[in-house]
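Subject: Structure handover

Hello,

Here is the structure for your work on the ligand site. Please open it first, then read the notes below.

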Amino acid sequence: MNQVQPIFILPEGMIVAETIRTTLGPKGMDKMIVDSMGDITITNDGVTILEEMQIEHPSAKMIVEVAKTQEDEVGDGTTTAVVIAGELLKNAEELLDKGVHPAILARGFRLASIKANEILENISEPISEKDNKMLKQIAMTAMTGKGAEIAKEKLSEITVKAVKEVMGKENNVININKDNIKLEKKSGGRVDETELINGIVLDKERAHASMPKSVRNAKILLIDSALEIKDTTTSAKIKIKAPSQMQTFLEQEEKMLKSMAEKIAKSGANVVFCQKGIDDVVQHFLAKNGIYAARRVKESDMKALTRATGASIVGNLDSLSEKDLGKSGFVEEVKINDDNMTFVRECKNPKSVTILIKGSTEHVVDEIKRALEDAIGDVSAALKEGKVVAGAGSTETELARQLRKFAESLSGREQLAVANFAEAIEVIPRTLAENAGLDPIDVLTDLRAAHDKKQKWAGIDVFTGKVIDAWNKGIIEPLKIKTQAISSASEVAIMILRIDDVVAGSKKEAPMPPMPQGGMGMGGMPPMM
Ligand code: ADP
Ligand code: MG
């Protein structure tokens, strides 16, 4: 047989997977990443670790792509996806050693991956926006074993509320734009002081000390041009010959600035957020009118404010009308540690909300933020698709069992490949056990036995090593985490299997092997033989 074994390509991808597999699950360890500047990150988050690792080898880079796709599509399950990809490659190597042709193996993996999706759909359970308890459990599962664990009750409540607040529904299709949940970090407090604001938090203080510190029933003006007179020195070409002229000039300028403040006051606004600067004189007159103002607000925050308050951004004051103003129940300046921040609270049906993350140090708040992103991703994915499964290795064990049954219906080498794929999926319960210091063989034997007895949600209790019903224990995850992880992992494994050589391109910087359009979409795969 003409053997084209891509063996020399495989190990690189496997090493990537090995590096992060110790972080999987509630008992997974963290990694400390030290970059070239000496800055450190302590994390348990797969994609963060991979992003920081200096990965050069093309096939290893493809494994990193698996993590990125998972991150973009779901926001959680990156370690799972990479560990499965690594295991598929490892198992593939064994079969290649036994003389199975890579093309046959690739075909078997392809069959298995399609079947896997079907099985996962079948075993999943429905969920709707009304299932608050389950949504909270999903958020908690995402945070188990992470820095966020200490306050996971409160953080999961916040997660579910935030996601539901920004959720939209059109023709019964749920859409959620995660960008509308702003995660603002502030170190120097306790994690359980983390707070959901039905509105926006700006890292800005009020412009002038004599402005009010807080405003009830705020009517908010958003303006994206400066509240100043532009370039007095250059554009107003006035030659001042006498001191009186100077006086008139200044008076006139003050009149213009004062009229800006008056136009704002006349519109009914009592809060102003300006994307550019605000002249001292304007500040003074705004303050006199009891108006709260902040200047140099970021463009992204201005957009978020439109969604939270219903205001529209105006470009100049001449056409200003009350219709342009947004609303919020309460705007206040709050001192957090040494910084003053502006809270725009109590917005009605805000399309944009903020989670203000607190924690003792910067490293803590960073890790909480990553855990919240995972939780937000999972709750959103569950709501969008309306389907969930149980975790703790239960789904993977059940999937492997059904795939083995499917393998029996195939013939010869394909059967081998599908059975091999099934075993690779079991890397998840195996790794959860290993990371918990349990004997993976014992655990897997117990799990398989339970699944043979039709306990489809039998998973592993990582604290005792006993088999539990993961569903009843509330260890719940969105179906999408699993389907996405398995399809991108197998697509990359298949792609790597089909490479028989790495050829240096003519360009100095060798490009990565091309990925299919739109991430790992099945449609992008080359036709199978
Ligand atoms: P990933 O980056 O893949 O999300 P995690 O470190 O978050 O990696 O681990 C996810 C795995 O941990 C999933 O397989 C999930 O089912 C499992 N898991 C989560 N909570 C528990 C729990 N309480 N007991 C056992 N396994 C759990
Ligand atoms: Mg996770």
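Start with a backbone contact. In this predicted model, a backbone N or O atom of Thr 23 lies 3.4 Å from an oxygen atom of ligand 1. A second backbone contact comes from Ala 392, where an N or O atom lies 2.7 Å from a ligand 1 oxygen. Glu 477 uses its side chain: a polar atom there lies 2.8 Å from an oxygen atom of ligand 1. Taken alone, the ligand exposes 580 Å², and the protein buries 94% of that.

Next, the surroundings. There are 22 residues around ligand 1. Those that come nearest are Asp 76, Thr 79, Thr 80, Ala 392 and Glu 477. So two names recur from the contacts above: Ala 392 and Glu 477.

By class, the shell holds eight nonpolar, 10 polar and four charged residues. Two helices, α4 (78-97) and α14 (427-435), each supply at least two shell residues. Of the elements, α4 gives the most, with three residues.

Now the location. Which pocket holds ligand 1? Ligand 1 sits in the largest pocket.

Why does ligand 1 lie between two domains? Domain 1 (10-126 + 388-497) and domain 2 (129-198 + 350-385) both give residues to its shell, so the ligand lies between them.

That is the handover.

Best wishes

Notes. Residues numbered from 1 in each chain as written. Chains lettered and ligands numbered in written order. Predicted model: local features only at pLDDT ≥ 70, side-chain atom pairs only at ≥ 80, totals over all residues. Heavy atoms only, no water. Near = heavy atom within 4 Å. Polar contact = N/O pair within 3.5 Å; in protein donor to acceptor, adjacent residues only side chain to side chain. Areas by Shrake-Rupley, 256 points an atom, 1.4 Å probe, with all protein chains shown as cover. 1 Å grid on protein atoms, 1.4 Å probe; cavity = no way out; pocket = protein on both sides within 12 Å on 5 of 7 lines; lining within 4 Å. Sits in = over half its atoms within 2 Å of the grid points. Helix = DSSP H or I, 4+ residues; strand = E, 2+ residues; numbered from the N terminus. Nonpolar A, V, L, I, M, F, W, Y, C, P; charged D, E, K, R; others polar. Domains from an automatic or database assignment.
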